[in-house]
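Student: I would like a close look at a single part of this structure. Please describe the part itself, and then set it in its surroundings.

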Amino acid sequence: MAASLGISMGGSAAIGLPSQRRLFSLSPAKLVSRAVAEKGVSAVELDLSVRVNGLQLPNPFVIGSGPPGTNYTVMKRAFDEGWGAVVAKTVSLDAAKVVNVTPRYARLRAGSNGSAKGQIIGWENIELISDRPLETMLKELKQLKIEYPDRILIGSIMEEYNKDAWHELIERVEATGVDALEINFSCPHGMPERKMGAAVGQDCALLEEVCGWINEKATVPVWAKMTPNITDITQPARVALKSGCEGIAAINTIMSVMGIDLNTLRPEPCVEGYSTPGGYSSKAVHPIALGKVMQIAQMMKDEFSNRDVSLSGIGGVETGNDAAEFILLGANTVQVCTGVMMHGYGLVKKLCEDLKEFMRKHNFSTIEEFRGASLPYFTTHTDLVRRQQEAIKQRKAVRLGLQSDKDWTGDGFVKETESMVSN
Ligand SMILES: Cc1cc2nc3c(=O)[nH]c(=O)nc-3n(C[C@H](O)[C@H](O)[C@H](O)COP(=O)(O)O)c2cc1C
């Protein structure tokens, strides 16, 4: 992404400017499309396609690892409905070690105070990685690549702290023909004692070693999926990129306790009277995910703009506008997991329509035209104070007009006169 993010930043800074100045940064082709849009003719075809680490996606919407990519039937459905890519449910070598419980989900509804009504805004899961035999998952991935050779299928993998195990898993998953690998360094619950998932993503030394093993073996692009359950997410993201990964995916779920049943005094989700902290997702995590993605995007722009590295934004996406926000921060693709569990695979059509609507409104014809456009507008709090004081000073100056006759200038004479007229 480095090169493209760099380009995008140049163009996008201009895009964020008032329309008059924006025009100067547009190519002749775009000026034509703008003119057409301004005439109210909707003849200009909007292009949602994205190219990431050499992979061509019809749109930036990717199924995030989880139940929506758990078997052949559902992944096929995702391709048929038009998702830009699918990240399969995370697999490991020995599925027999993965034992799930039920219930394993709990939901938070807005303004409901415990009632079953109200919009779902938060979702906690204590689900582990795939509990299906690896051989079965591999056969299904292979079948999907045979049936959909032009579509992007990404294998998600997680293993114990063991180089040979990682190498074996990579070899077997790559043999199915998947286009890329996403490494689950981020599962917040289950198996930390086996140094799996977030246990690696939260320990930069361990992460560097494991990324080294992975990148000496993998022959397809590797995305490192980050946990938000860490003070500074840019640290593991930087380590993963320095260790050879081609992309960062963020965020996985946020460590959470969904609630306590005030009748039984037991935590939720309650399994035989007990619970364990789980992973929080859905709408409620969206602002937190945007914050983490913003930090990673800034770090990538500052430190990796000489490499083709990519960023996949994840967390609480249910609308095209949610996705546009991730892209405006610099994400190349946007993943959706819980949104699909709530609204179904057809959601992608609405996401594409929403995103096109946003693009039409701003006269963007490609994703790359606005990717990263909002990133330059983050600064420090100290700088905000400076900017505000300066703005107040200017507003006061305008309101009060000239302080003294010595302030009259030849060039600004008419404006200066205006500034002292009362009506
Ligand atoms: C039920 C459930 C299971 C999940 N399983 C996985 C998994 O196997 N591997 C993984 O990398 N992420 C997994 N995730 C995390 C999602 O891919 C995603 O990072 C997170 O839920 C935030 O995105 P969302 O708000 O769109 O769901 C799971 C999420 C949920 C809700």
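Tutor: In the predicted model, helix α11 contains the buried residues Gly-320, Asp-322, Ala-323, Ala-324, Glu-325, Phe-326, Ile-327, Leu-328 and Leu-329. These are 9 of the 10 residues of α11 (residues 320–329), so the helix is largely enclosed by the rest of the structure. Among the elements that cover its buried residues are the strands β3 (61–63), β15 (310–314) and β16 (333–336). The helices α10 (286–303) and α13 (347–362) also take part in this cover. After α11 comes Gly-330, whose phi is positive, near 125°.

The three strands named in that cover belong to a barrel. There, 8 strands close in the order β3-β4-β7-β8-β9-β10-β15-β16, with parallel pairing. On average, neighbouring strands of this sheet are turned by 25° against each other, direction ignored.

Within the barrel, strand β7 can be followed in detail. It is mostly covered, since 6 of its 6 residues are buried under the criterion of 20 or more other C-beta atoms within 10 Å. In a regular strand, side chains alternate between the two faces of the sheet. In β7, Ile-152, Ile-154 and Ser-156 point one way, while Leu-153, Gly-155 and Ile-157 point the other way, and all are buried. Strand β4 (residues 85–87) runs parallel to β7 and is joined to it by 3 bridges; Val-86 stands opposite Leu-153 of β7. With β8, strand β7 pairs in the parallel sense over 4 bridges, and here Ile-157 stands opposite Ile-183 of β8. Further along the barrel order, strand β9 (residues 222–225) is joined by 3 bridges to strand β10 (residues 247–250), the two running parallel. In that pair, Ala-224 has Ile-248 of β10 as its bridge partner.

Helix α6 offers a second helical environment to set beside α11. Together, β7, α6 and β8 make a right-handed β-α-β unit. The 12 residues of α6 (residues 163–174) should span 16 Å at 1.5 Å a residue, and the end C-alpha atoms are 16 Å apart, which agrees. Trp-166, Leu-169, Ile-170 and Val-173 are buried in α6. These residues cover an arc of only 100° around the axis, which puts them on the same side of α6. Asp-164 and Glu-171, on the other side of α6, are exposed. The cover over the buried residues of α6 includes β7 (152–157) and β8 (180–184), together with α5 (134–147) and α8 (204–217).

One loop position remains to be placed. Ser-282 lies in the loop between β14 (278–281) and α10, and α10 is one of the elements covering α11. Ser-282 counts as buried because it has 23 C-beta neighbours inside 10 Å. Leaving aside residues up to four places away in sequence, Ser-282 touches Ile-120, Ile-121, Gly-122, Trp-123, Gly-316 and Thr-338. Val-317 is 35 residues from Ser-282 in sequence, yet the C-alpha atoms of the two are 7.1 Å apart.

For the chain as a whole, the secondary structure comes to 15 helices and 16 strands. Buried residues make up 42% of the 423 residues. Of the contacts with a separation of 6 or more, 72% are between residues 24 or more positions apart.

Key: Residues are numbered from 1 along each chain as its sequence is written. This is a predicted model: local features need pLDDT of at least 70, side-chain atom pairs count only at pLDDT 80 or more; totals for chains, interfaces and linings use all residues. A residue is buried if 20 or more other C-beta atoms lie within 10 Å of its own, exposed if 12 or fewer, and partly exposed in between; C-beta atoms are placed from the backbone. Two residues are in contact if their C-beta atoms, placed from the backbone, lie within 7 Å. Two strands pair if DSSP finds at least two bridges between them. Axes are lines fitted to C-alpha atoms, for helices over the stretch in contact, and angles run from 0 to 180 degrees between N-to-C directions. The expected span of a helix is 1.5 Å times one less than its number of residues. The arc is that of the directions from the helix axis to the C-beta atoms. A crossover is right-handed if, with the strands pointing away from the viewer, the path from the first strand over the helix to the second runs clockwise.
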